[in-house]
Amino acid sequence: MYYHDLRINGDRLRQSLEEMAHIGATPGGGVKRLALSDEDRLARDLFIQWLKDLRLHVTIDEMGNIFGRRAGTYDHLPPVLSGSHIDSQPKGGRFDGILGVMGALECLRTMEEMHITTDRPLVIVNWTNEEGCRFAPSMSSSGVWAGALDRDRVYNQTDLSGRRFVDELERIGYRGTAAARHEPLHAYYELHIEQGPVLEREKRTIGIPKGIVCVHWYDIHIEGEANQVGPTPMEGRHDALCTAAEMILRVDDLPRKMGGNLVATVGEIHNHPNSRNIIPDGVHFTVDIRSWDDALALHAWDDLRDDLEGIAAARGCPLRIEETCRVRHAPFDEKLMDRLADAADMLGYTKLHMVSGAGHDAIYINQIAPTAMIFVPSVGGRSHVEVEETSWQDCEAGTNVLLHCLLQSAHNR
Ligand code: GLV
Ligand code: MN
Ligand code: MN
């Protein structure tokens, strides 16, 4: 049985997204729903309520990943999984992550309403801490679930105030008992906003990423020597902040220097003691390097590390480097990408093959199961900002594509 005419309810999807956007709403029209914060808890509580309203079987694992399972006719078969994340950046938007969770929910609501039973079970997921801005690394709980990251290492990560991941997970009541261990999956789909300018520029509705670039994170710690700024001569200073400044410009220059398809960013910096009349004696900053070409990203890092060591030595500031995260690039499943393209054609949406420059939980799930993503346009190509926007029409279109992909995969025994 197949349902070509079936469409999701765009108004209901919008209502759910709007209700979620109230949780952690910021004055600038975005959301602040940091992983394992009170806002994360409130959004999770609402999500679970909605899963229960659909009579889904809810499981919470030891990483706080939330699963809602809908039985299939052949319930022993590996399920089809779909979802994304509820957490956000400190000044994030109303669509990043949550669209993929609410989209999957809307698909299951539609199936329920139409009394559709699938051959395979269908599971919705909210992955804990996709963003990684409070607790590095990003995508940590899908990473543990997929067997790529160590649970205890993630548990012991601390935020800037020294709070541990595991204690915060416990505090918000989401340290579940199920093992965070992947089960056999038939397919994983993640609907997400593009977070870049390509779909809008090309005037297409549906993006089909061929995969996700590699994501490499580093933490750089520089030690300087503090002193009174007035009496201390410029010669012989060990200024950690000036050392960092020189380094940061090397990071910015790295893509040009490597001459390949690469981006490199410093997004976070902490200066100590951060007083206008003390020479800084400690700086911590982050480096993010991404490319489709893993070898190029590693080669760029080798080159940069040599530069950073040279600058540190020249300024007499000891350097400590942590390699915080290395996820290889994720080429998605050809068959699922074809299915996605067929669904977009059948629904009459324009489509574009592209690459994801943003990280997503799909990067880890891709390591253990056939995986694909559906992108919809980001207005002005803006994301991780309060003005992040995607039209309701495009949210609906992406969710319709997801619906038909889920139906196809869940009927494919
Ligand atoms: C996740 O949001 C990332 O791309 O860093
Ligand atoms: Mn996201
Ligand atoms: Mn994000």
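The exercises below, each with a worked solution, concern a predicted model.

Residues are numbered from 1 along each chain as its sequence is written, while chains are lettered from A and ligands numbered from 1 in the order in which they are written. In this predicted model local features need pLDDT of at least 70, side-chain atom pairs count only at pLDDT 80 or more, and totals for chains, interfaces and linings use all residues, with side-chain values resting on heavy atoms and leaving out hydrogens and water.

**Exercise 1. The manganese ion, ligand 2**

Task: Determine which protein atoms are donors of the manganese ion (ligand 2), and where Asp 96 and His 192 lie.

Solution. Begin with the donors, that is, N, O and S atoms within 2.8 Å of the metal (3.2 Å for Na, K and Ca), bearing in mind that water is not among the atoms, so sites may look incomplete. For ligand 2 they are His 85 (NE2), Asp 96 (OD) and His 192 (NE2), at 2.0 to 2.2 Å from the ion. Next, read their spacing in sequence, which is H-x10-D-x95-H. The pair of Asp 96 and His 192 links distant parts of the chain, 96 residues apart, for Asp 96 sits in the loop between strand E3 (80-84) and helix H3 (98-113) and His 192 in strand E5 (residues 187-193); helices (H or I, at least four residues) and strands (E, at least two) are DSSP runs, numbered from the N terminus. Finally, turn to accessibility, where buried means under 20% relative accessible area, exposed over 50%, and partly exposed in between (1.4 Å probe, protein chains only). Asp 96 is buried at 7%, and His 192 is buried at 1%.

**Exercise 2. The manganese ion, ligand 3**

Task: Identify the protein donors of the manganese ion (ligand 3), and state which residue bridges this ion and ligand 2.

Solution. The donors of ligand 3 are Asp 96 (OD), Glu 131 (OE), with Glu 131 (OE) listed twice, and His 384 (NE2), at distances of 2.1 to 2.4 Å. Along the chain they follow the spacing D-x34-E-x252-H. Glu 131 lies in the loop between strand E4 (122-126) and helix H4 (140-145), and His 384 in the loop between strand E14 (371-376) and helix H12 (392-410), so this pair ties together parts that are 253 residues apart in sequence. Glu 131 is buried at 6% relative accessibility, whereas His 384 is partly exposed at 37%. The bridging residue is Asp 96, and the two manganese ions that it joins lie 3.6 Å apart.

**Exercise 3. The surroundings of ligand 1**

Task: List the residues around ligand 1 and say how much of its area the protein buries.

Solution. Taking a residue as near when one of its heavy atoms lies within 4 Å, the residues around ligand 1 are Glu 130, Glu 131, Arg 290, Ala 358, Gly 359 and His 384. Consider then the distances from oxygen atoms of the ligand: 2.8 Å to an N or O atom in the side chain of Arg 290, 2.7 Å to a polar backbone atom of Gly 359, and 3.2 Å to an N or O atom in the side chain of His 384. Taken alone, ligand 1 exposes 190 Å², of which the protein buries 92%.

**Exercise 4. Nonpolar cores**

Task: Find which residues touch the most other members of the largest nonpolar core, and describe the contacts of Phe 47.

Solution. A nonpolar core is a set of buried Ala, Val, Leu, Ile, Met, Phe, Trp, Tyr and Cys residues joined through side-chain atoms within 4.5 Å. The largest has 96 residues, and those touching the most other members are Met 20, Phe 47, Leu 81, Met 102, Tyr 189, Ile 206 and Val 401. Leaving aside neighbours within four places in sequence, Phe 47 is in contact (heavy atoms within 4.5 Å) with Met 20, Ile 66, Ile 86, Val 101, Met 102, Ile 124 and Asn 126. Apart from the largest core lies another, of 25 residues, among them Cys 214, Val 251, Ala 264 and Cys 317.

**Exercise 5. Backbone geometry**

Task: Locate the cis peptide bond before Pro 137 and characterise Met 139 by its phi.

Solution. Most residues other than glycine have a negative phi, and most peptide bonds are trans. The bond joining Ala 136 and Pro 137 is cis, with omega about 0°, and Pro 137 is placed in the loop between E4 and H4. Met 139 also has its place in the loop between E4 and H4; its phi is near 55°, a positive value in a residue other than glycine, and Met 139 is buried at 1% relative accessible area.

Definitions and conventions: A polar contact is a pair of N or O atoms within 3.5 Å; within protein, one must be able to donate a hydrogen and the other to accept it, and residues adjacent in sequence count only if both atoms are side-chain atoms. Accessible areas come from the Shrake-Rupley method with a 1.4 Å probe; for residues, only the protein chains shown count as cover.
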